[in-house]
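Hi,

Here is the structure I promised to pass on. Have a look at it first, and then read my notes underneath.

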Amino acid sequence: MSCNQFQQENDADTLFSVGRRLLKGNCVEQDIQRAKELLTRAAELGHRGANELLASIKAQEPAPSPEDRTEWNKMRSGQLYDWSDPVIDNSLRQSRLACERFNRSGMDHADYRELLEAMIPNVPKTVTILPPFHCDHGNGLHLGEGVFVNYNGMFLDAGDITIGSRTLIGPNCSLYTPNHPMDYLQRRKTIETAHPIHIGEDCWLGGNVTVCPGVTIGDRTVIGAGSVVTHDIPSDCLAAGNPCEVIKRL
């Protein structure tokens, strides 16, 4: 039986048990890669212990060398990068699993804070995010104290996304850092750029706001519902529209 068939035909407890034995080499030869595949499937089926064991495996793995992180460094620095790179692809996969687990929970569940911190490393205790929520990597999100994100946030953090303290993000807001090439022949390839987004302190983004790559929004600024922010907006403003423009100073 192939590994894929085994994953499909067995429940979470069986997958977890076999994966753990493969790690320890008990009764069968140690096989870390196959164990990770089985434990990942068990985690997808909701096995809590599989998540913990996967996290312990990841903690013991050596960090990628600078040579292995070339495309990652390009991504974070605004250069053209290949998003099919193994380091990037692994980060995307881990984030998808973390988001999936978070979205099965909710802020009234006992595991809410644990799953939020697994999805976004080093997130402050005072941050609240209402599921469903989706991000590309999680480790590109830098949220200040007291940030609140309403339902259905979509934060694509190939580039860094920084949100200042006490900022409120309305429902269905999307923050996009990736940018595909304008040349259609280039778009056929697995390449793109990513440009960071900065949102200041004490801001308020109404529902259904879209923030485009490379945009900075100043402190205390309010962005009206439904706006598409394509360029920088200064501090202490009310701005709205598509494209978003300053309506008045606050």
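C135 is a buried residue, with a relative accessible area of 7%. Keep in mind that this is a predicted model. The cysteine sulfur closest to that of C135 belongs to C99, and the two are 3.7 Å apart, which is too far for a bond. A disulfide here would need the sulfur atoms to be within 2.5 Å. C237 is buried too, because its relative accessible area is 0%. C237 takes part in no disulfide either: its nearest cysteine sulfur is the one in C244, 9.6 Å away. In fact, the structure holds zero disulfides. For the record, such a link is a covalent bond between the sulfur atoms of two cysteines.

On to the hydrophobic interior. The largest nonpolar core has 38 residues, and the members that touch the most others are I129, F133 and L205. Two or more residues each come from helices α6 (86-103) and α7 (112-119), and from strands β3 (133-135), β4 (141-143), β7 (161-163), β12 (197-199) and β18 (237-240). The largest share, four residues, is from α7. If you want to click through the surroundings of L205, its contacts beyond four places in sequence are L168, I169, G170, C173, L175, I199, V211 and I223. There is also another core, apart from the largest one, with 14 residues, including L23, A35, L39 and L54.

Next, the aromatics. How many aromatic pairs are there? The count comes to two. One of them joins F102 and Y112, with 5.6 Å from centre to centre and 45° between the planes, and it is tilted. F102 sits in helix α6 and Y112 in helix α7, ten residues apart, and the pair links these distant parts of the chain. Both F102 and Y112 are buried. The other pair is F133 with F155: the ring centres are 5.0 Å apart and the planes meet at 80°, so this one is edge-to-face. Since F133 belongs to strand β3 and F155 to strand β6 (residues 153-156), the pair ties together parts of the chain that are 22 residues apart in sequence. F133 and F155 are buried as well.

Two more residues are worth a click.

T128 is in strand β2 (residues 128-129). Is T128 buried or exposed? At a relative accessible area of 18%, T128 is buried, because the cut-off for that is under 20%. Leaving out residues up to four places away in sequence, T128 touches M107, Y112, V147, F148 and V149. You will recognise Y112 in that list as the partner of F102 in the tilted pair.

S227 is in the loop between β16 (222-223) and β17 (228-229). S227 counts as buried because its relative accessibility is 0%. What does the side chain of S227 have within reach? One of its polar atoms lies 2.7 Å from the backbone oxygen of G224. Beyond four places in sequence, the residues that S227 touches are N208, V209, T210, A239, A240, G241 and C244. C244 is a name you have met already, as the holder of the cysteine sulfur nearest to C237.

That is what I have so far. Shout if you would like to go through any of it together.

Cheers

Conventions
Residues numbered from 1 in each chain as written. Predicted model: local features only at pLDDT ≥ 70, side-chain atom pairs only at ≥ 80, totals over all residues. Heavy atoms only, no water. Buried < 20%, exposed > 50% of the residue type's maximum accessible area, 1.4 Å probe, protein only. Polar contact = N/O pair within 3.5 Å; in protein donor to acceptor, adjacent residues only side chain to side chain. Contact = heavy atoms within 4.5 Å. Core = buried A, V, L, I, M, F, W, Y, C linked by side-chain atoms within 4.5 Å. Phe/Tyr/Trp six-rings, centres within 6.5 Å; stacked < 30°, edge-to-face > 60°.
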